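Trainee: I should like a close look at a single part of this model, the place where the two chains meet. Please describe that part in detail.

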Amino acid sequence: MMDIAQVVEDTAAKLLEISATKLPSEVKEALIQDEKDTEGSLGKSQLKAINENVILAETFTKPMCQDTGLVSFFVKIGDKFPIKSEVKTALIKATEKATEKVPLRPNAVDMFEGNTKNNVGLRGYVPWFYFDLVEGDKCEIIAMPKGGGSSNVGKMKMVPPGKGIKGVKEFVVEAVAAAGPLACPPYTVGVGVGGGEDMCMNLAKKALLRPLYQYHEDENIASIEKELKDILNKLEIGAMGLGEGTSVFDVHMEFAARHPASLPVGVVISCWALRHAGATIDREGNVEWHPH
Amino acid sequence: MEYHLTTPLPPEELKKIKIGDVVYITGTVVTARDEAHLKALELHKEGKQPPVDFKGIGLFHCGPVMKKNEQGEWTVVAAGPTTSARMEIFQDEFIKTFQPGIIIGKGGMGARTTKACQEETCIYGYFTGGAALLAADRIKKVKDVFWYEELGMPESLWLFDVENFGPLTITIDTHGGNMTEKRIKKIEENKDKILQNL
């Protein structure tokens, strides 16, 4: 009998390695294209360095950025998948293992006890999990490490509902302008609208998992995504904030219902290294790696 | 213009450099982030000296990924710059107290750092953010580490020997020039135009 918890642990550790060392193919292609398209030498040299670095990371299986992020997992557990709460334990073990093996930078800092040195928080919250219960007998795991620099420019605002969609757009423009050169552009921007003050941020982060240039299936939302992408590039932030090259690769939005009195908007910004990797495990322990 | 400089960086050389120039550094570079800045300044206030003499060397805003090899020696895995803006709150005091020759980071710094750079003859350069393996490649030796047990891997003072460390795009020079501040002003102007037309 296959030890399913062990499969989950090994798979998740591998996902952390893949996400730290290899960009999703469409992100890699976007960066290469941007280097070709950028005319100014300041911007072009930044993109050249980024692309060389991406190749080195992939070739030598080393983290592309020293900031290997705060670890979070998006997990969907099927009703008939053999283990449930043990998945959480396995993911924590995977985090410790990957920290040692890849290696990842120890990034879990306790405010009172200092750096835990293994990327696992002392108080049970890190790595952070987004669990979802689904039909079927499989378990899908997506690892998403996110760097501190780009997390620091995330923003949430309770927009007055009377401002409507225009208020949403205004806030996204303000948030990305405020990020400016700080968080390693070219950026990908996740926007969550609706829910409560916490849910909009959650949705914004989740929106970053959608592949680049794949727009929302709802045409109303897709057209706002495209409009925002065009508008945000008029900010002229450029590669590494030097004013040359693409500022924003893409904008992905997710909408939830909102309270009549509230219009929460969350903006989560990814640096050029939009890192995530996924796999699906079936009840027999077979692993299907997601296209990367 | 392109400059290849060796530490300790001579002030007369630093004065020649203007924003937009590209610099490569050979010699000593030490990493320091938020915690290390704070601790070094606290020690100084208590009349004590930090374990590294920062004068004329490179101060690198970086929290590297490090690994011990089979001989038990530290090696660099990945070492790109962190966001420098976090250090703006005490960088000017740090420059005045310890007089580093160049600060290496990414994302730029503000008016207080610019003023301190002008007064103390220091410059600030961008290493491409996230290009952690290119940076690691230019680090030839890990000379020492301080405060590791207390502050952990990202926040320790890692003392490196570097060779042709760069390209560093200079965005703050010794003449009060600050390229990032100009860019931020442009972004703000563009934002105002966009918001008017939404």
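Mentor: In this predicted model, 43 residues of chain B are in contact with 46 residues of chain A. Between them, chain B and chain A bury about 3500 Å², and 66% of that area lies on carbon and sulfur atoms. As for charged pairs, the rule finds 1 salt bridge across the interface of chain B and chain A. The side chains of B:Glu149 and A:Lys117 form a salt bridge, with an N to O distance of 3.2 Å. Polar contacts across this interface comprise 17 residue pairs, both residues being at pLDDT 80 or more. On the side of chain B that touches chain A, at least two residues come from each of β4 (65-68), β5 (74-78), α5 (132-138), α6 (148-151), β9 (157-172) and α7 (179-197). The largest share of that side, 10 residues, is supplied by α7(B).

The nonpolar interior may be considered next. The largest nonpolar core has 61 residues, and those with the most contacts inside it are A:Leu23, A:Leu31, A:Trp272, B:Val30, B:Phe54 and B:Leu157. From chain A, this core draws at least three residues from each of domain 1 (4-19 + 65-145 + 275-289) and domain 2 (148-270). Leaving aside neighbours within four places in sequence, B:Val30 is in contact with residues including B:Val52, B:Phe54, B:Ile57, B:Leu157 and B:Leu159.

One further residue of chain B may be added. B:Thr114 lies in helix α4 (residues 111-120) of chain B. B:Thr114 counts as buried because its relative accessible area is 7%, under the 20% limit. Not counting residues up to four places away in sequence, B:Thr114 touches B:Ile172, B:Gly176, B:Gly177 and B:Asn178.

Methods. Residues are numbered from 1 along each chain as its sequence is written. Chains are lettered from A and ligands numbered from 1 in the order in which they are written. This is a predicted model: local features need pLDDT of at least 70, side-chain atom pairs count only at pLDDT 80 or more; totals for chains, interfaces and linings use all residues. Side-chain values use heavy atoms; hydrogens and water are left out. Helices (H or I, at least four residues) and strands (E, at least two) are DSSP runs, numbered from the N terminus. Buried means under 20% relative accessible area, exposed over 50%, partly exposed in between (1.4 Å probe, protein chains only). Contact means heavy atoms within 4.5 Å. A nonpolar core is a set of buried Ala, Val, Leu, Ile, Met, Phe, Trp, Tyr and Cys residues joined through side-chain atoms within 4.5 Å. Domain bounds come from an automatic or database domain assignment. Buried area is the accessible area (1.4 Å probe) that two parts lose on being put together, summed over both. A salt bridge is a side-chain nitrogen of Lys or Arg within 4 Å of a carboxyl oxygen of Asp or Glu. A polar contact is a pair of N or O atoms within 3.5 Å; within protein, one must be able to donate a hydrogen and the other to accept it, and residues adjacent in sequence count only if both atoms are side-chain atoms.
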